[in-house]
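Open your viewer and let's take a short walk together. Have your selection tool ready, since each stop tells you what to pick next.

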Amino acid sequence: MKKVFIINGGQKFAHSGGQFNQTVQDWTTEFFSKNNNYEIKTTHIENEIDLQEEVEKFVWADLIIYHTPVWWFQIPNLFKKYIDDVFTQGHSNGIYKNDGRSRVNPDINYGTGGLLHGRKYMLTTSWNAPKTAFTLPGEFFEETSVDDGVMFGFHKMNKFTGMERIDGFHFHDVEKGATPENIVIFKDEYTKHLEETFKTL
């Protein structure tokens with residue numbers, strides 16, 4: 001049985017209610033719950049957190065799935081705090097041992113001290129920005145993808161722990177485009193992504 005740990009990085013702040021990311025988490029849980037080969041644990045970063053329990057969820061899991069909105073081109077402040085606190089708790093305690101270098105030759109092997117080898121992770125993000133903002137010449141993100149641009153550091157963070165990235169999914173134009181009709185399309189496209197991604201994993 002494969003073990004899946006799903007993290008909801010959404011939070012209530014200003015005009016954001018966190019509802020969409022909760023919906024995406026529900027879709028993900030629904031997808032894996034239909035298959036008896038998966039055991040599921042979840043965390044919502046707004047809830048009270050026991051740091052050691054969270055570390056143990058990372059160590060327990062075969063697959064970690066992150067759901068996060070993107071605010072001002074970064075993850076929300078509570079989600080950043082969650083990562084900082086949990087990963088620090090996991091120092092020499094399941095998540096990473098050190099930065100991978102030795103004092104003999106400190107110029108090489110940075111980022112190889114992770115302890116989560118053998119685990120995979122998937123990232124979903126939700127944006128107000130349309131998909132075309134990342135793809136069209138002259139538009140805001142200069143033809144740089146979500147994963148190679150804004151979320152580059154997030155991926156390196158996970159690589160630092162030893163985890164392997166699998167293709168994620170990015171929801172675009174959520175704030176202005178989250179009509180009932182588009183929510184159905186979002187779910188359909190995301191579910192197809194999950195089916196394609198996990199049919200061989």
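For the charge count in this tour, Lys and Arg are taken as positive and Asp and Glu as negative, while His and the chain ends are left out. Select those side chains in this predicted model and you will find 21 positive and 28 negative ones, with the centres of the two sets 6 Å apart.

**The whole chain**

Now switch to a cartoon view. You should see seven helices and six strands, and tracing them along the sequence gives β-α-β-α-β-α-β-α-α-β-β-α-α. The C-alpha trace spans about 55 × 45 × 35 Å along its principal axes. The radius of gyration is 17 Å, which agrees with the value near 17 Å for a compact globule of 201 residues. Colour by burial next: 42% of the residues count as buried. If you draw contacts between residues at least 6 apart in sequence, 73% of them join residues at least 24 apart. Turn on the surface as well; its accessible area is about 11300 Å², and 50% of that belongs to carbon and sulfur atoms.

**Stop one: Thr43**

Select Thr43, in strand 2 (residues 38–44). Is Thr43 buried or exposed? Its relative accessibility is 6%, so Thr43 counts as buried, the cut-off being under 20%. Show the neighbours, leaving out residues up to four places away in sequence: Thr43 touches Phe5, Ile6, Ile7, Asn8, Gln25, Ile49, Glu54, Lys57 and Tyr82. Zoom in on Glu54, whose side chain makes a polar contact with the side chain of Thr43 at 2.6 Å.

**Stop two: helix 2**

Glu54 leads us into helix 2 (residues 51–60), where Glu54, Val55, Lys57, Phe58 and Trp60 are buried. Which elements cover these buried residues? Among them are strand 1 (2–8), strand 2, strand 3 (63–69) and helix 3 (77–89). Before leaving, pick Asp50, which caps the N-terminal end of helix 2: one of the side-chain oxygens of Asp50 lies 3.2 Å from the backbone nitrogen of Gln52.

**Stop three: two loops with positive phi**

Move to the loop between strand 3 and helix 3 and select Phe73. Though not a glycine, Phe73 has a positive phi of about 65°. Phe73 is partly exposed, at 39% relative accessible area.

Finish at Asn109, in the loop between helix 3 and strand 4 (120–126). Here too a residue other than glycine has a positive phi, near 75° for Asn109. With a relative accessible area of 43%, Asn109 is partly exposed.

Conventions
Residues numbered from 1 in each chain as written. Predicted model: local features only at pLDDT ≥ 70, side-chain atom pairs only at ≥ 80, totals over all residues. Heavy atoms only, no water. Helix = DSSP H or I, 4+ residues; strand = E, 2+ residues; numbered from the N terminus. Rg over C-alpha atoms; globule rule 2.2 N^0.38 Å. Buried < 20%, exposed > 50% of the residue type's maximum accessible area, 1.4 Å probe, protein only. Contact = heavy atoms within 4.5 Å. Areas by Shrake-Rupley, 256 points an atom, 1.4 Å probe, with all protein chains shown as cover. Charge placed at Lys NZ, Arg CZ, Asp CG, Glu CD. Polar contact = N/O pair within 3.5 Å; in protein donor to acceptor, adjacent residues only side chain to side chain.
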